[in-house]
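Biologist: Please take a close look at the charged side chains of this model and at how far the residues that carry them are open to solvent. I should also like to see that part placed within the chain as a whole.

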Amino acid sequence: MMGPLFDLLRRLRRDRSGASAVELALVVPLTIGLVGATIDFARGFSAKLDLVSAASRTAELATAPGAVRTDYSYLQAEALAAADRDDAVAVIDWWLECNGTRQAASTPVCPAGQTYARYVSVNLSATYNPILGFGGYTGSGLPIAGQATVRIQ
């Protein structure tokens, strides 16, 4: 009773006619997954670079010709426009340093004889939603951010 079954198995083991089709069936899903993951990673990295670029362009606006300001909150709208994303959040921070120490926001100038520097920082954040949910990821998006700081004075 087992003899014909063993004969069939021996013949199948020696038969190589479908080996390449089996190998292809094993390799194609892995290759498609790797290509998909690479594309997804590249799209996420590109979205992050877009935020960094938008933050840098906004920080450059703070250095536009004109007097040093005491309020740079107007840059928030510029940062959101530069990000061109509905989910973007912009945080603008500006401060004065006297002898390398950050001062309170209400400090207009440093005492005489101290070195001073004014800075403006632009922070943009958003979320990236991957196309493929690798690793069981099914969340509402991965946080991405871009930041730029410029010395005004």
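Modeller: A residue is called buried under 20% relative accessible area, exposed over 50%, and partly exposed in between (1.4 Å probe, protein chains only). The model is predicted, so local features need a pLDDT of at least 70 and side-chain atom pairs one of 80 or more, whereas totals for chains, interfaces and linings use all residues. Residues are numbered from 1 along each chain as its sequence is written, and side-chain values rest on heavy atoms, with hydrogens and water left out.

I begin with the frame that carries these side chains. The protein chain has three helices and four strands (DSSP runs numbered from the N terminus: H or I of at least four residues for helices, E of at least two for strands). From the N terminus on, these elements follow the order α-α-α-β-β-β-β. Along its principal axes, the C-alpha trace of the protein chain spans about 105 × 30 × 25 Å. Of the 153 residues in the protein chain, 23% are buried.

Now to the charged pairs. Three salt bridges are found in a search of the whole structure, the term standing for a side-chain nitrogen of Lys or Arg within 4 Å of a carboxyl oxygen of Asp or Glu.

One of them belongs to helix H1, which covers residues 2-14. There the side chains of Asp7 and Arg10 meet, with N and O 2.8 Å apart. Because Asp7 and Arg10 are three residues apart in H1, about one helical turn separates them. Asp7 has a relative accessible area of 36% and is therefore partly exposed. Arg10, at 39% relative accessibility, also counts as partly exposed.

Another salt bridge joins Arg85 to Asp87, and here the closest N and O atoms are 3.1 Å apart. Arg85 has a relative accessibility of 27%, so Arg85 is classed as partly exposed. For Asp87 the value is 31%, which means that Asp87 is partly exposed.

This brings us to Asp84, which sits in the loop between helix H3 (75-83) and strand S1 (89-98). The phi angle of Asp84 is near 55°, a positive value in a residue that is not glycine. Asp84 has a relative accessible area of 68% and is therefore exposed.

The remaining salt bridge is that of Asp93 and Arg102, whose side chains meet at 2.7 Å from N to O. The relative accessible area of Asp93 is 28%, so this aspartate is partly exposed. Arg102 reaches 46% relative accessibility and therefore counts as partly exposed.

The loop between S1 and strand S2 (101-102) also deserves attention, as the place of Asn99. Its backbone invites a comment, since phi of Asn99 is near 50°, again a positive value in a residue other than glycine. With a relative accessible area of 45%, Asn99 is partly exposed.

To draw the part together, the salt bridges of the structure number three. Arg10 counts as partly exposed, as does Arg85 and as does Arg102. Among their acidic partners, Asp7 is partly exposed, Asp87 is partly exposed, and Asp93 is likewise partly exposed. The two loop residues described above complete the picture: Asp84 is exposed, whereas Asn99 is partly exposed.
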